[in-house]
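Trainee: I have not read a structure like this before. Could you take me through its features, one at a time?

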Amino acid sequence: MILQKNQLERMIVEAKRDIGDILSKFQRSNKEISDFHLATAYLIYQAFNQERNLFIGMDVKEFTSETYLPAICILVYELLQKNFEEYSPSFDYLSDNMILIDKGKSYTIGQENGKYYLNSYKGHGNRSKAFVRDPIRTLKTHFIGHKTYYSERICHKALDEYKEFFQTVFDTKDYPPSLFKYKAVVVCNKKDFQHELKRYGLEQCFSYTSLIRDKENISYCRSLPLYEPMIYFSSNYEDAFDYIENNIEGSKIDYVFLFGNTRVIQIKNRVKVDYRKGKFQRFCLIGNEPIKDKDIIIWNWTTEEEAFLNGKHTISFHYLPLKSNIIMEDAIDRFNCEMKAFYDEDDELWQQVKPFMKCFWSILSDRLYQSESFDKIESKVRDQVEKNLNSSLYDDLSIYKEQVENIIAVLSTIYNAKLLDTAYLEQAAENREFFSAIVVPNDEIDIWKENIVTYPLDNIHVITNRDFRKEIKNMSGGSNYLFTFPMYDQDIDIVKRNATRTPITISFLLYESEIVCLKRRVKYHQRNQEINASKNMEILPNNDFYNSIKKTSSDLISRLDENFDKEFYGLDDSRDYDMAIYKVEVKDYEKNIKIVSCPSRIIRIEDGEKYLVSIEDLKENDRIIIYHNKSRDVLYKILADTSEKYANIEHNSSLWRYRLKEYLEDDASGEQWKDVRYNPDKLKKISSIINVPHQYILDSWLTKGAVKFPNKKSLLSLLDILIDEGYLKKTEKDELLKSRRFYLSVMISLGHNLSGEVQRILVEHNKEDDFSQHIATNVVNNKSQYPLLSDFDASEIFKIIIENIVGYTFIKISDKEAIDEEI
């Protein structure tokens with residue numbers, strides 16, 4: 001879940017109301033806490049109140065020490081409050097190593113005739129014994145120190161500062177506690193944290209010790225000369241607990257705070273094990289990399305959320321299309337068709353011919369010159385592709401020889417068309433208003449500097465992609481950049497995970513086809529970020545506001561076209577889905593033999609356990625479970641009734657049918673169907689051209705609701721006829737094809753992908769556990785494994801599964817076929 005601006009603003013209002021006063025009392029300098037760190041501290045505060053374990057993930061590359069202090073302030077506040085509320089020291093439990101300290105003087109403790117007395121300690125004269133009249137009041141108006149750590153030169157000033165700080169924070173005249181029932185371990189970079197304490201003037205405002213490993217030994221440095229510290233700081237989790245277990249008898253830790261990136265990832269499981277063993281009561285992990293864990297309250301911030309709360313900006317993209325180049329665009333279309341043929345045939349085969357894509361982008365990205373002749377380019381890419389095909393057991397290269405040669409020929413055409421396209425700098429100059437610096441490939445900086453002086457761009461800063469990364473990281477460059485090539489995936493990640501003090505825009509001057517591909521990559525990055533932005537809203541006391549728009553079936557399925565669209569870095573967005581299904585012969589529980597459809601992987605039951613296996617591995621009489629997905633049409637109907645996007649599909653589904661009827665009804669004098677008379681010659685013409693029986697057209701195409709859209713080949717032919725005859729516009733054709741493609745992807749997702757998620761739930765469910773509870777714990781909100789079902793309520797998921805799974809006895813495979821496009 002990504003919080004919107006109004007939700008973040010609401011969160012800050014609530015945070016200032018609940019903890020603003022607390023944090024303000026910790027601010028003993030002019031250093032202000034940002035809204036982002038305020039919000040983070042607020043989450044920790046709520047975790048304390050709810051007695052929950054918490055992980056906070058930050059979507060930034062570099063973890064900053066500024067995060068330490070707001071979080072530790074809440075920890076210190078909670079510990080001091082609980083220790084003070086239950087502070088009841090007794091002389092009976094004081095040891096010989098303890099001394100009492102107050103108002104610049106210190107005293108040892110003695111006992112005579114059953115009564116306790118105080119005696120001057122170190123340089124305070126040999127005063128007579130002073131017997132204690134009110135033990136409780138005496139202990140609560142003196143600090144309990146340790147002889148080993150006592151230093152008259154510094155201890156009294158430090159203790160006075162501790163007392164003043166405590167009395168200010170809690171608005172009391174009482175002394176702060178000296179013994180601590182509740183303690184914490186904080187694992188972080190001690191140097192950074194001590195720097196933060198110094199900046200805020202909090203070095204001696206609470207009792208802590210820093211543990212320092214020196215070869216085989218662990219030493220310590222205390223902030224106050226009290227008998228024991230309240231917080232143990234360490235750079236290493238194991239060191240902290242080794243020291244506590246070996247040196248402090250009977251000491252129990254209540255809280256563990258762990259800061260960092262790889263430190264959190266590596267030590268998380270160890271922390272959870274120690275937590276279950278009872279070494280501490282609760283823990284809070286804060287890292288700069290999102291994680292997923294069902295045992296912890298998770299809150300993963302996104303770059304956009306952090307930027308907004310820190311008063312910064314995320315970098316925006318602006319797309320500038322190059323002017324049309326007919327030769328180039330035609331070659332690009334042909335290249336895309338040839339590559340699509342590989343992609344459609346076999347995903348593994350597609351991976352082997354990917355060097356063609358790299359060559360393609362290399363040619364297009366070379367705006368000013370060609371670094372080498374096409375003969376060298378051709379030789380390299382041909383050798384690489386053939387090597388890949390051979391290494392992947394595609395031994396009979398003659399099968400693909402024609403396709404390979406066609407692609408190389410198209411690349412040659414693109415290369416030559418690129419040589420003729422010399423207007424790039426002119427078009428850059430025309431868009432001069434959009435940028436103050438130009439980013440070019442790393443190895444082309446010199447040629448760009450030579451050529452750019454001949455255009456009205458001589459005052460433009462030209463940098464390499466490598467230098468651009470540094471400028472963005474250090475926020476030392478300009479505010480607007482022009483990219484001359486499509487940004488690489490790793491650069492998109494770097495750019496999108498940076499926030500800047502001033503707004504920055506990156507403009508891309510590219511061919512339309514390159515822009516389409518780049519937008520796909522950006523969309524893919526954003527989708528991953530949304531998946532990583534998981535948040536358990538229960539941590540917020542007023543989570544009804546943040547979840548005010550409850551997710552429904554339509555909200556869920558509106559993302560289907562995004563969740564399961566494979567990234568194809570070609571240029572044509574018109575590809576269709578091709579997924580295999582099987583027809584299998586089975587026996588139902590009444591021993592009736594029937595033919596049913598199922599996907600290529602299926603659940604087999606063996607000795608009471610469920611296994612997900614390939615259907616090819618099944619043997620006769622195997623017990624299987626098939627998900628029939630009777631809910632698919634019901635779910636789609638919800639969409640059609642509630643979603644504007646899906647209403648557009650319904651509109652276009654009726655549009656082609658209506659225009660076909662108009663065409664067939666003109667000059668009608670023959671065949672009648674359901675009280676409508678159609679022109680028989682036109683009906684026969686369409687039937688002949690698109691190779692579809694005219695009776696099928698009457699039964700399935702001209703009856704509303706029978707078929708949403710014909711298969712692609714038939715629909716293309718039909719639409720071309722209607723355009724030629726003046727019954728349809730070309731723009732309407734594009735919208736119809738787009739709607740058909742989207743509808744097909746949704747229905748396949750509702751069938752194949754939803755079936756896959758149900759299978760995973762069934763296989764992972766332990767038969768000893770309650771099924772409903774398993775769904776609630778492992779499926780709900782688990783977007784990484786269940787992108788479709790994770791936003792349903794547990795009861796809805798349970799109902800979908802129970803109503804759609806059927807058990808059979810397997811007999812044999814009857815047939816294998818592609819999914820019918822006319823779903």
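Mentor: Let us begin with a pair of facing residues: tyrosine 107 stands opposite serine 120 in strand 4. Strand 3 and strand 4 (residues 115-120) pair in the antiparallel sense over 6 bridges, where two strands pair if DSSP finds at least two bridges between them, and helices (H or I, at least four residues) and strands (E, at least two) are DSSP runs, numbered from the N terminus. Please keep in mind that this is a predicted model, in which local features need pLDDT of at least 70, side-chain atom pairs count only at pLDDT 80 or more, and totals for chains, interfaces and linings use all residues. Residues are numbered from 1 along each chain as its sequence is written, and side-chain values use heavy atoms, with hydrogens and water left out.

Trainee: Which residue in the turn between strand 3 and strand 4 has a positive phi?

Mentor: That residue is asparagine 113, with a positive phi of about 55°, in a hairpin that leaves 2 residues between the two strands. On the other side of the sequence, strand 2 (residues 98-102) pairs with strand 3 (residues 105-112) in the antiparallel sense over 3 bridges, and leucine 100 has tyrosine 107 as its bridge partner. Strand 2 and strand 3 also form a hairpin with 2 residues between them, and there lysine 103 in the turn has a positive phi of about 50°.

Trainee: How should I read the open sheet, and in what order do its strands run?

Mentor: The open sheet of 5 strands has the order 15-20-18-16-17, with parallel pairing. Its edge strands are strand 15 (316-321) and strand 17 (461-464), each of which pairs on one side only. From one strand to the next the twist averages 25°, and for angles in general, axes are lines fitted to C-alpha atoms, for helices over the stretch in contact, with angles running from 0 to 180 degrees between N-to-C directions. Strand 16 (residues 437-440) pairs with strand 17 in the parallel sense over 4 bridges, and valine 439 has isoleucine 463 in strand 17 as its bridge partner.

Trainee: Which strands does helix 16 touch?

Mentor: Contact means heavy atoms within 4.5 Å, and helix 16 (residues 445-452), which packs on the sheet, touches strand 16 and strand 17, its direction making about 165° with that of strand 17. Helix 19 (residues 512-532) packs on the sheet as well, touching strand 15 and strand 20 (505-510), and its direction makes about 160° with that of strand 15.

Trainee: What is a salt bridge, and how many does the structure hold?

Mentor: Side chains of opposite charge can pair when their charged atoms come close. A salt bridge is a side-chain nitrogen of Lys or Arg within 4 Å of a carboxyl oxygen of Asp or Glu, and the structure holds 22 of them. One joins lysine 279 to glutamate 245, with the closest N and O atoms 3.0 Å apart. Because lysine 279 lies in the loop between helix 8 (262-276) and strand 12 (282-287) while glutamate 245 lies in helix 7 (residues 237-247), the pair ties together parts that are 34 residues apart in sequence.

Trainee: Are the partners in the salt bridge of glutamate 732 and arginine 659 buried or exposed?

Mentor: Buried means under 20% relative accessible area, exposed over 50%, and partly exposed in between (1.4 Å probe, protein chains only). Both glutamate 732 and arginine 659 are buried, and their closest N and O atoms are 2.8 Å apart. Glutamate 732 lies in helix 28 (residues 730-764) and arginine 659 in helix 24 (residues 644-665), so this pair ties together parts that are 73 residues apart in sequence.

Trainee: Where do the buried residues of helix 29 lie around its axis?

Mentor: An α-helix has 3.6 residues a turn, so residues three or four places apart point the same way. In helix 29 (residues 771-778) the buried residues are Phe771, His774, Ile775 and Asn778. They cover an arc of only 100° around the axis, which puts them on the same side of helix 29; the arc is that of the directions from the helix axis to the C-beta atoms.
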